[in-house]
Amino acid sequence: MTEKNHVQSQSKASYTLGLREIPVRAGNYEAQRLLSQQLDRQKGAPISDKNSASKTKTRA
Amino acid sequence: MTIVVSMKVTDGIVLAADSAASFFDSHATPVKIYNNANKVFNLVKVWPIGAMVYGSGGIGTASVETLTKDLRLRFRDQNDADYGLNRNAYTIQEVAIKARKFFFEETYLHAFNPPPTDFFMGYRVCGYSAGTALPEIWEFLIAGLRCDPPYLIQAQNDFGARWAGENEALDRLLLGGSSILHNVLTDRGIDAPTARAIYSDLINKAGAPLALPAMPIQDAIDVARFLVETAGKFARYGLRPETIGGPTEIAAITKHEGFKWVARKHYYAADLNRESDHD
């Protein structure tokens, strides 16, 4: 084995060892729903500039 | 493999997905990845019903895209007692139940005997039931021998992003932590209920919804595109195969405009094929 091949071999081995299985699955919908509940808390609450007398609201 | 993202706001739903199709050897190692798969579909042309697929991209000898277009023909056939949809009375749950019947009972169980134990496919149905003001999202999974009835992902009054497939990048970005956090905690001797409570606390304190229910549909489109592209770049730059990638396909479904493509790819030039309706 040449030095070059040896390095390549080591590199390939460490790369292979570093790989983890990539899971494909349904989302964690319970967690995603919990995240969306943050939206519920914001729903209907207009975004305003506290330092301004003229409020900037979520209106078109 | 895949990332699919739906963004549900009061004005409609955005469907977005990458285009990677990965092929594996017998050791589950990716040996080839193509970046031109189609994963977003209009289930009945122009009607406000769409679908997305993740996991397996085909069943037997047919791609999920081709099978979805087969199913679309049956949905439109008013004389088809098993699959025809009544435009004035259909529901998204009904569409999901019929899609499950078509993919699992009619296609999957006939294509495989016995069914492969390692098969996995998620199919998400999004849209408006007839006469309703807000959309909803249903989904079913085929996993080996099993395919439970479709379950509700988001009711009409639920909003925000829902993602599936290779979830790690978006779990970290939006939920605030990796999905393995629960296992890390239990490995340290923390009991499961406490580990779940810590994860929920993390989401509440570090979560980033990136959306408001009343945000304009164009902004929901922009967020969905950002999420798919972020997951793709996470795969691209990580020390791992690029199993998320290729063009980002996007469609939006709104009450009055129905299903509209926002970004999609064709294998042919539209102006050279004027006889086609480019469905």
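The following exercises, each with a worked solution, concern chain B of a predicted model.

**Exercise 1. The largest pocket**

Task: Determine which residues lie nearest the centre of the largest pocket, and which element gives the most to its lining.

Solution:
1. Begin with the space itself: the largest pocket holds about 1300 Å³.
2. Its lining comprises 41 residues, and those nearest the centre are Met1(B), Ser22(B), Phe24(B), Gly55(B) and Ser56(B).
3. Two or more lining residues come from each of the following elements of chain B: β3 (21-24), β4 (30-34), β6 (49-55), β7 (58-59), β8 (62-63) and α1 (64-76).
4. Of the elements, β3(B) gives the most, with four residues.
5. Sorted by class, the lining contains 23 nonpolar, twelve polar and six charged residues.

**Exercise 2. The setting of Arg100(B)**

Task: Establish whether Arg100(B) is buried or exposed, and which backbone oxygen its side chain reaches.

Solution:
1. Locate the residue: Arg100(B) belongs to helix α2, residues 92-111 of chain B.
2. Compare its accessibility with the cut-off: buried means under 20% relative accessible area. Arg100(B) is therefore buried, because its relative accessibility is 14%.
3. Examine the polar partner: the side chain of Arg100(B) comes to 2.7 Å from the backbone oxygen of Cys147(B).
4. Complete the surroundings: leaving aside residues up to four places away in sequence, Arg100(B) is in contact with Glu105(B), Phe140(B), Cys147(B), Asp148(B), Pro149(B) and Pro150(B).

**Exercise 3. Strand β10(B) and its partners**

Task: Identify the strands that pair with β10(B), and state how many of its residues are buried.

Solution:
1. Strand β10 of chain B spans residues 136-143, and six of its eight residues are buried.
2. One partner is strand β9, residues 120-127 of chain B, which pairs with β10(B) in the antiparallel sense over eight bridges. Within this pairing, Gly122(B) is opposite Leu141(B) of β10(B).
3. Another partner is strand β11, residues 151-154 of chain B, which runs antiparallel to β10(B) and is joined to it by three bridges. Here Ile137(B) has Gln154(B) of β11(B) as its bridge partner.
4. A general point assists inspection of the model: side chains in a regular strand alternate between the two faces of the sheet.

**Exercise 4. The β13-β14 hairpin**

Task: Describe how β13(B) is joined to β14(B).

Solution:
1. Strands β13 (residues 249-254) and β14 (residues 258-263) of chain B run antiparallel, with five bridges between them.
2. One of the bridges sets Ile250(B) against Ala263(B) in β14(B).
3. The connection is a hairpin of three residues.

**Exercise 5. Backbone features**

Task: Find where Val46(B), Leu210(B) and Pro114(B) are placed, and describe the backbone of each residue.

Solution:
1. Val46(B) lies in the loop between β5 (40-42) and β6 of chain B. Its phi is near 75 degrees, positive although the residue is not glycine. Val46(B) counts as exposed because its relative accessibility is 55%.
2. Leu210(B) lies in the loop between α5 (192-206) and α6 (217-237) of chain B. Its phi is also positive, at about 60 degrees, in a residue that is not a glycine. With 37% relative accessibility, Leu210(B) is partly exposed.
3. Pro114(B) occupies the loop between α2 and β9 of chain B. The peptide bond joining Asn113(B) and Pro114(B) is cis, with omega of about 5 degrees.
4. For a glycine case, consider Gly176(B), which follows just after α3(B) and has a positive phi of about 95 degrees. In helix α3 itself, residues 168-175 of chain B, the buried residues include Ala169(B), Leu170(B) and Leu174(B).

Technical notes. Residues numbered from 1 in each chain as written. Chains lettered and ligands numbered in written order. Predicted model: local features only at pLDDT ≥ 70, side-chain atom pairs only at ≥ 80, totals over all residues. Heavy atoms only, no water. 1 Å grid on protein atoms, 1.4 Å probe; cavity = no way out; pocket = protein on both sides within 12 Å on 5 of 7 lines; lining within 4 Å. Points joined across faces, edges and corners; volume = space filled by probe spheres on them. Nonpolar A, V, L, I, M, F, W, Y, C, P; charged D, E, K, R; others polar. Buried < 20%, exposed > 50% of the residue type's maximum accessible area, 1.4 Å probe, protein only. Polar contact = N/O pair within 3.5 Å; in protein donor to acceptor, adjacent residues only side chain to side chain. Contact = heavy atoms within 4.5 Å. Pairing = 2+ DSSP bridges.
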